[in-house]
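Here's a quick tour of some helix packing, a pocket and a couple of backbone oddities. Have a look at the model first, then read on.

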Amino acid sequence: MYMSKLFSTLFLLGFFTKMPGTLGSLVGLIIGVVLIEYIPIIYFLIIYIFLFFIALLAIRKYQKYEGVSDKQEIIIDEFLGQIFVLLFIDINLLNIIMAFVLFRFFDIIKIFPVNYIDKNYSGCIGVMMDDILAALQAVLILQCVKIFIL
């Protein structure tokens, strides 16, 4: 159980009382940028997919132990959601800032279909998928900006 707690809470960072989700996203942003810059994308994708499935298992185990479906300290989903956005952008300062702001915006505001997933799926799939959908919304906006503005 302790390993699932460590992983789900991003090594206990989720227990920070002020904005744990934002902290998880910020850590994801920093680690994601470093990994994307220094390892081949194929290895990055393999690591990401591996971490995604480990996160599902860890969240499920932690939820079962705690008895609560989406505890605030579970922030591995924000970490992985933020990294997901980075997979679809050119890594430069403006894009990194926009990726962070847009992901946090969509994760907090929960525009459809994120709000639907958040309200109707409380297990590990729901915890992870609302962040992945928020990440996809951020990616969509970033791609529109890239196509129509930049």
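## α5 against α7

Start with α5 and α7, which are oblique to each other, because their angle falls outside the named bands (under 35 degrees is roughly parallel, over 145 roughly antiparallel, 65 to 115 roughly perpendicular, and the rest oblique). The angle is about 135 degrees, and the axes sit 8 Å apart. Axes here are lines fitted to C-alpha atoms, for helices over the stretch in contact, with angles running from 0 to 180 degrees between N-to-C directions. The helices themselves are DSSP runs (H or I, at least four residues), numbered from the N terminus.

α5 passes α7 in a right-handed crossing, meaning the near helix is turned clockwise from the far one by less than a right angle. On the α5 side, the contact (heavy atoms within 4.5 Å) uses M98, A99, L102, F103, F106 and D107. α7 answers with D130, D131, A134, A135, Q137, A138, I141, L142 and V145. Sorted by class, that's eleven nonpolar, one polar and three charged residues. Nonpolar covers Ala, Val, Leu, Ile, Met, Phe, Trp, Tyr, Cys and Pro, charged covers Asp, Glu, Lys and Arg, and the others, Gly among them, are polar.

A word on ground rules: this is a predicted model, where local features need pLDDT of at least 70, side-chain atom pairs count only at pLDDT 80 or more, and totals for chains, interfaces and linings use all residues. Residues are numbered from 1 along each chain as its sequence is written, and side-chain values use heavy atoms, leaving out hydrogens and water.

## Where α4 fits in

α4 (residues 76–86) packs on α7 (residues 124–148) at about 25 degrees, with the axes 8 Å apart. That makes the two helices roughly parallel. The contact takes in D77, E78, L80, G81, F84 and V85 of α4, and α7 residues including V127, M128, I132 and V139. Its tally is eleven nonpolar, one polar and four charged.

α4 also packs on α5 (residues 93–109), this time at about 130 degrees and with 10 Å between axes; α4 and α5 are therefore oblique. Here E78, G81, Q82, V85 and L86 meet A99, F100, F103, R104 and D107. That contact splits into five nonpolar, two polar and three charged residues.

## The largest pocket

How much space lies in the largest pocket? About 240 Å³. A pocket is an open set of points on a 1 Å grid where a 1.4 Å probe fits, with protein on both sides within 12 Å along at least five of seven lines, and lining residues have an atom within 4 Å of a point. The volume is the space filled by probe spheres set on those points, which are joined across faces, edges and corners.

Of the 18 lining residues, G21, Q72, E78, D107 and K110 are closest to the centre. α2 (20–38), α4, α5 and α7 each supply at least two residues of the lining. By class, the lining has ten charged, five nonpolar and three polar residues.

## Backbone oddities

The F112 to P113 peptide bond is cis, with omega near 10 degrees. P113 lies in the loop between α5 and α6 (114–120).

M19 is a residue other than glycine with a positive phi, near 50 degrees. You'll find M19 in the loop between α1 (2–8) and α2.
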